Amino acid sequence: MSTIALDVVTPNGSVFNEEDCEIIILQTKQGEIGVMAGHVPTVAALKIGSLRAKIDGQFEYFAVTDGFVEIRPEKVSVLVQAGEFAEDIDTERAKQAKERAESLLQQERDEKIDRYRAELALRRAINRLDVSKHS
Ligand code: ATP
């Protein structure tokens, strides 16, 4: 079976690099896509979500923030602010981030609150908690 390479890059460098993926499942802003070797070249925006890569018959689960993916027939390059393997997610930290964001969002009358940033922080925290269930 031919395989496809994956590289997930953040401002801290490459955080998930694998030469031989059987399939990579990504959540784009248009919906979920599965990518195998030979995929037509594509660029897409990613939403905060999970990335699943099947390696040696097993799925590896990875949480990503929003960003972009470049798909080439032999390689998938993901550019995101942050990404973590399911087993590396600190669930206590994510729960605290979720509570912080929720309480900021409840303070609706405070003009200083940047609701959009709080909503994104909430989505990142919920996503980390969801992905960590696959560890
Ligand atoms: P927090 O408020 O807890 O920092 P955040 O969503 O603002 O959460 P990010 O800015 O997305 O955090 O990420 C900053 C760095 O911390 C990245 O390297 C990311 O991988 C890591 N990180 C964030 N939350 C977690 C977590 N719950 N478990 C493990 N690593 C995390």
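The ligand occupies the largest pocket of the protein. The structure described here is a predicted model.

**Overall architecture**

The protein contains two helices and ten strands. Read from the N terminus, the elements follow the order β-β-β-β-β-β-β-β-β-β-α-α. The C-alpha trace extends over about 55 × 30 × 25 Å along its principal axes.

**The shell around the ligand**

The residues that surround the ligand are Asn12, Ala82, Gly83, Glu84, Asp88, Ile89, Asp90, Arg93, Ala94, Arg100, Arg124 and Arg128. By residue class, this shell comprises seven charged, three nonpolar and two polar residues.

Three secondary-structure elements each contribute at least two residues to the shell: strand E10 (83-85), helix H1 (91-106) and helix H2 (115-132). Of the elements, H1 gives the most, with three residues. Both domain 1 (4-86) and domain 2 (89-132) take part in surrounding the ligand, and each of these domains provides at least three residues of the shell.

**Polar contacts of the ligand**

The following table lists polar contacts between the ligand and the protein.

| Ligand atom | Protein partner | Distance |
|---|---|---|
| Nitrogen atom | Polar backbone atom of Asp90 | 2.9 Å |
| Oxygen atom | N or O atom in the side chain of Arg93 | 2.8 Å |
| Oxygen atom | N or O atom in the side chain of Arg100 | 2.7 Å |

For Asp90, the contact is thus made through the backbone, to a nitrogen atom of the ligand. Arg93, by contrast, uses its side chain to contact a ligand oxygen atom, and the side chain of Arg100 likewise contacts an oxygen atom of the ligand. Considered alone, the ligand exposes 590 Å², and 68% of that area is buried by the protein.

Terms used
Residues are numbered from 1 along each chain as its sequence is written. This is a predicted model: local features need pLDDT of at least 70, side-chain atom pairs count only at pLDDT 80 or more; totals for chains, interfaces and linings use all residues. Side-chain values use heavy atoms; hydrogens and water are left out. A residue is near a molecule or strand if one of its heavy atoms lies within 4 Å of it. A polar contact is a pair of N or O atoms within 3.5 Å; within protein, one must be able to donate a hydrogen and the other to accept it, and residues adjacent in sequence count only if both atoms are side-chain atoms. Accessible areas come from the Shrake-Rupley method with a 1.4 Å probe; for residues, only the protein chains shown count as cover. On a 1 Å grid over the protein atoms alone, a cavity is a set of points where a 1.4 Å probe fits but cannot get out, and a pocket is an open set with protein on both sides within 12 Å along at least five of seven lines; lining residues have an atom within 4 Å of a point. A molecule sits in a cavity or pocket if more than half of its atoms lie within 2 Å of its grid points. Helices (H or I, at least four residues) and strands (E, at least two) are DSSP runs, numbered from the N terminus. Ala, Val, Leu, Ile, Met, Phe, Trp, Tyr, Cys and Pro count as nonpolar, Asp, Glu, Lys and Arg as charged, and the others, Gly among them, as polar. Domain bounds come from an automatic or database domain assignment.
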